[in-house]
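Colleague: Hi! I'm new to this one, could you walk me through it?
Modeller: Happy to. Let's put it on the screen and begin with a pocket.

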Amino acid sequence: MKVTTTDPRGGRQHPTDLVETDESGVAAVVGRASRAAQWLSDLGRTGRARLLDAVAAALESRRADLVATAEAETALGQARLDSELTRAAVQFRMFAAVLRDGGYLEAAIDHAADTPLGPGPDVRRMLVPLGPVAVFGASNFPFAFSVAGGDTASALAAGCPTVAKAHPSHPLTSRASADAIESAVRDLGGPDGVLTAVYGERAGRWLVRQPAIRAAALTGSVGAARAIQAAIDERADPIPLYAELSSVNPIVVLPDAAASRGDQIADGLFASFTASGGQLCTKPGLAFLPADPAGDRLVDTLRGKVASAGGSVLLNQRIRDAYNSGAAALEKAGARLVAQPRIDAEAGFTVAPTLLEVDLPGLTAEIADECFGPLMVVVRYHDVADLDAALVTVPPSLTGSVHRGQGDDTDAVRGLVHVFVARAGRIVFDGYPTGVRVSWAQHHGGPWPSTNAVHTSVGATSIRRFLRPLAWQNAPEWILPEELRDEYTAIPRRVDGRLVPGVESRREGC
């Protein structure tokens, strides 16, 4: 079956020269990926680092064509997509630095020795690649969380060939991204199968059923995760699915913060929940604002910004329909409409940004549910002491944010942070959750339903998803990986319980 692409501004489908990958095609792709694993292994850490640098350069050399293709398929805007492509290149370069550093291997050596339990053997341990992995592209990030995204970068860094299931919202962008990565592989003399894209919903299910696939990664909806997990459950052997899913990302604005910088906070909130059509996993869906004159002024400022905003073009019909039905459900559950601009409802997948309001006693699980798109619910509270209990109504999220003022009670802040520690993966102070830094310290995860794992999908430690520990006991030195040989000093290792820094290790390019 032919693959089509859709213009979100007009809602019109256009044929492409791509064809959905059938079951035999998926099997052939996975076979090539399995054979490519040895090449990736033989490259070693430094060789894979050169490959990742080459991928970044290939993406940047095709910037104009990639951005233009993605803009036509997503309507996310040239500036946003140009920045996102830069982010994709930065991710590949950061993982090149992770490889050169080598600490991700968690290398440890326990020499043979007498122990309280008797003679102990020589044991050496480090992390090794899982094998070929499946990556499911996200609708809302055609570069940074798709074929050329962080899942692919971290998997290739780990030494895992990657089969990327292209998202139907941007199939041509997915192919162009795959072409760029494959060109970098060819330039280094690599084989087919290091990175391959497949197309079609059924191809994704066939992919995760392939015995050679050892893990899957997804950024998407809970429904998509359940469908993929159901396909995985048909396997004779289980594999992990690392899924980043639904998140409300509550923001609490304390009274003195609202009084001292209400206009600034209104600007930040508006930008954060409407940017990219609100189609960001870290979009704040709930903002807790004081029910006092400062809070009233803040809401009035937000109302004016939303009322004068233009329509937001969403990525596809499914997201548009879910947004409209979700907004209607929130109003039915008791949230009051505060502001919504008039838009041309016939213009493709365009929707109206929406600001709703509810008093804290009326906050229910239904109102606290995620509505993906440019919608935010303002929750008005009278007493800061009521917030801790109210936040338990909110599903666990990727983030929780607190805006403080000079006069706000530090004990109240501690209480909020205590709640967020248990219910979020990242706590933001005096800022907004959108805009996830690509860095060594970043964590982009959280308790269910924001993710289904303790791992992160952004940052250096996301490589850990595609690795497993392996120990060598009393092994001859010639069979050991070089990182576990006694004379090797280039990476940090724990030797006989003591952390030994790598003498040549350095962190670069991040």
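Modeller: This is a predicted model. Take the second largest pocket: 16 residues line it, and S41, G44, R48, M126 and E483 lie nearest its centre.

Colleague: Nice. Which elements give two or more residues to that lining?
Modeller: Those are α1, residues 23–61, and β6, residues 123–129. The largest share comes from α1, with 5 residues.

Colleague: And what is the volume of that second largest pocket?
Modeller: About 350 Å³.

Colleague: How do its lining residues divide into nonpolar, polar and charged?
Modeller: There are 9 nonpolar, 3 polar and 4 charged residues in the lining of that pocket.

Colleague: OK, new topic. How many cavities of 30 Å³ or more does the structure hold?
Modeller: It holds 3 of them. The largest cavity has a volume of about 90 Å³, and the second largest has about 60 Å³.

Colleague: Let's stay with the largest cavity. Which residues lie nearest its centre?
Modeller: Y242, A243, E244, H455 and S457 do, out of 13 residues that line the largest cavity. Two elements give two or more residues to this lining, β10 (216–219) and β11 (241–244). The largest share, 3 residues, is from β11.

Colleague: What about the character of that lining, how many are nonpolar, polar and charged?
Modeller: For the largest cavity the lining has 4 nonpolar, 7 polar and 2 charged residues.

Colleague: And which residues line the second largest cavity?
Modeller: The lining is made of P250, L391, V394, P395, P396, S397, T399, G400, V419, F420, R423 and A424. Here β19 (397–403) and α12 (410–423) are the elements that each give two or more residues. By type, the lining of the second largest cavity has 8 nonpolar residues, 3 polar and 1 charged.

Colleague: You mentioned β10 and β11. What order do the strands take in their sheet?
Modeller: The order is β9-β8-β7-β10-β11, in an open sheet of 5 strands with parallel pairing.

Colleague: Which strands stand at the edges?
Modeller: β9, residues 195–198, and β11 do. Each has a single partner strand, so one side of each is left without a neighbour in the sheet. As for the twist, it averages 15° from one strand to the next.

Colleague: So β11 turns up twice! Remind me how?
Modeller: It gives 3 residues to the lining of the largest cavity, and it stands at an edge of the sheet.

Colleague: Over how many bridges do β8 and β9 pair?
Modeller: Strand β8, residues 162–165, pairs with β9 over 4 bridges, in the parallel sense. If you want a spot to look at, find K165, which stands opposite V198 in β9.

Colleague: Last topic, cysteines. How many disulfides are there?
Modeller: The count comes to 0.

Colleague: Why is C281 not bonded to C371?
Modeller: The closest cysteine sulfur to that of C281 is the one in C371, but it is 16 Å away, and that is too far for a bond. The cut-off for a disulfide is within 2.5 Å. Looking from the other end, C371 is in no disulfide either, as its nearest cysteine sulfur is that of C281.

Colleague: Are these two cysteines buried or exposed?
Modeller: C281 counts as buried because its relative accessibility is 10%. C371 counts as buried too, with 7% relative accessibility. The cut-off for buried is under 20%.

Colleague: Great, thanks for the tour!

Conventions: Residues are numbered from 1 along each chain as its sequence is written. This is a predicted model: local features need pLDDT of at least 70, side-chain atom pairs count only at pLDDT 80 or more; totals for chains, interfaces and linings use all residues. Side-chain values use heavy atoms; hydrogens and water are left out. Buried means under 20% relative accessible area, exposed over 50%, partly exposed in between (1.4 Å probe, protein chains only). On a 1 Å grid over the protein atoms alone, a cavity is a set of points where a 1.4 Å probe fits but cannot get out, and a pocket is an open set with protein on both sides within 12 Å along at least five of seven lines; lining residues have an atom within 4 Å of a point. Grid points are joined across faces, edges and corners, and a volume is the space filled by probe spheres set on the points. Ala, Val, Leu, Ile, Met, Phe, Trp, Tyr, Cys and Pro count as nonpolar, Asp, Glu, Lys and Arg as charged, and the others, Gly among them, as polar. Two strands pair if DSSP finds at least two bridges between them. Axes are lines fitted to C-alpha atoms, for helices over the stretch in contact, and angles run from 0 to 180 degrees between N-to-C directions.
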